[in-house]
Amino acid sequence: MASVSNAYLHSVLAFLNEQGIAATEIKCDVVQLSSERIAMQIYVDLLNFGAERTELSLFGFELGKHIQARDYGVLGYLVESCENLAQAISVLRRFDALVADIGQTQLNVTDTFAHLDWQPLTTDCKQMVLRNTTAWVATVRKILGETLSPHQVSFSFALSAPEIKQLKAWFNCEVITKTNENRISFDKTLLALPFTSENKAMFQALVKLSETELSQNQLSQSEVSQTIRNCNIKQQVATLLSATSNLQGCDQKRIAEALFMSARTLQRKLKAEQTSFSAMLEAERKSRIDNLLKHNTIAQTAYELGFMEQSSFTHACKKWFGVTPLTYQKSLTGKNAK
């Protein structure tokens, strides 16, 4: 059955909350929102309700502009660790069902352009397609640069003149409507541009995680439960923490969402493996501190390690090494000089 992951709905509900719309006002089957997978129609109903309630005819577009890696779960981390756009699109096509099994993706390359097509599994698709298309471009811009623009964007449905004007301004390209496909067309040379976050070892680790999750989606409910019970959550959390470029804002809730579970469930699973998220985050911070202090200021290192205040970093450093960050940094510099 066509469905989306629970984590994929997070940004929709968060955006509605930002607009002052309480969960009690949501006119869809909210009981289903607590399930791990949500039927496509529930998702479509939620998007349409959002468009109606906020009076934003481009509701899906507004959602897509603010997409975050955590909204894609493991897939988001995997895409960000790719070597280039070609590999990212390949990963997207291979593992898209992890996030939303609601459409088919196709890449066609000509002598000049690459065309990324997406065919939804429903005719009531305006907000869904707007969100997907915008999210794809927004994600690539975060990796390759905010000025990157497609050659052309096409939609299979009609849009008003003001809507087209708004989309043109953000996509910075021609926007075509009432076509046979929903398509993003771009210069094919972009496929080979290297991503700044290239990490081959992490890429392979995340592919393995994604393969496991994809196989779980194809099992019966009883088989899924058994597979999850046998799964090493500690290793999955460690992998995701390592895959995060910096630890600012990397909390238990974010990692739990990437693993398609609640923060409380993650806490319980880690406790069963004799650890906790705070202990694992601390270990990840300690594993990064030497390299960061060798190449950055104290303030920048504190930020990269996810500390909101430099005083908190100082407290942690004294706990780990018995000295201040500055003293520890000087000791590292001294070791390098010998």
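Helices here are DSSP runs of at least four residues, numbered from the N terminus. Keep that in mind as we walk through this predicted model, because the element names below follow that numbering.

Let's start with the overall picture. The protein's secondary structure comes to 16 helices and eight strands. Of its 338 residues, 49% count as buried. If you look at contacts with a sequence separation of 6 or more, 70% of them are between residues 24 or more positions apart. As for the outside, the accessible surface comes to about 16700 Å², and carbon and sulfur atoms own 50% of that.

Now for the nonpolar interior. The largest nonpolar core holds 89 residues, and Val 237 and Ile 255 are the ones with the most contacts inside it. Helix H6 gives the most to this core, with nine residues. Click on Ile 255 and you can see who surrounds it: once neighbours within four places in sequence are set aside, Ile 255 is in contact with Tyr 77, Val 237, Leu 240, Leu 241, Cys 250, Leu 266 and Phe 277. So Val 237 turns up again, this time as a contact of Ile 255, because contact just asks for heavy atoms within 4.5 Å. There's also another core lying apart from the 89-residue one. That second core has 13 residues, including Ile 298, Leu 305, Phe 307 and Phe 313.

On to the charged pairs. A search of the whole structure turns up seven salt bridges, and three of them are worth a look. Take Glu 62 and Lys 65, whose side chains meet with N to O at 3.2 Å. Both sit in helix H3, which covers residues 59-65, and they're three residues apart, about one turn of the helix. Glu 62 is buried, because its relative accessible area is 14% and the cut-off for buried is under 20%. Lys 65, at 26%, counts as partly exposed.

The next bridge joins Lys 126 to Glu 163, at 3.0 Å from N to O. Lys 126 lies in helix H6 (residues 126-144) and Glu 163 in helix H7 (residues 161-171), so this pair ties together parts that are 37 residues apart in sequence. Lys 126 counts as partly exposed at 24% relative accessibility, whereas Glu 163 is buried at 8%. A third bridge pairs Glu 174 with Lys 168, and here the closest N and O atoms are 3.6 Å apart. Both ends are partly exposed, with Glu 174 at 39% relative accessibility and Lys 168 at 32%.

Just ahead of H6 there's a loop to visit. Thr 122 lies in the loop between strand E5 (113-120) and H6. Is Thr 122 buried or exposed? Thr 122 is buried, with a relative accessible area of 15%. Its side chain reaches the backbone nitrogen of Asp 124 at 3.2 Å. Not counting residues up to four places away in sequence, Thr 122 also touches Met 40, Val 44 and Met 128.

Last stop, the cysteines. How many disulfides does a search of the whole structure find? The search finds zero. Two cysteines to look at are Cys 173, which counts as buried at 11% relative accessibility, and Cys 317, which is buried with a relative accessible area of 0%.

Definitions and conventions. Residues are numbered from 1 along each chain as its sequence is written. This is a predicted model: local features need pLDDT of at least 70, side-chain atom pairs count only at pLDDT 80 or more; totals for chains, interfaces and linings use all residues. Side-chain values use heavy atoms; hydrogens and water are left out. A salt bridge is a side-chain nitrogen of Lys or Arg within 4 Å of a carboxyl oxygen of Asp or Glu. Helices (H or I, at least four residues) and strands (E, at least two) are DSSP runs, numbered from the N terminus. Buried means under 20% relative accessible area, exposed over 50%, partly exposed in between (1.4 Å probe, protein chains only). A nonpolar core is a set of buried Ala, Val, Leu, Ile, Met, Phe, Trp, Tyr and Cys residues joined through side-chain atoms within 4.5 Å. A disulfide is a pair of cysteine sulfur atoms within 2.5 Å. A polar contact is a pair of N or O atoms within 3.5 Å; within protein, one must be able to donate a hydrogen and the other to accept it, and residues adjacent in sequence count only if both atoms are side-chain atoms. Accessible areas come from the Shrake-Rupley method with a 1.4 Å probe; for residues, only the protein chains shown count as cover.
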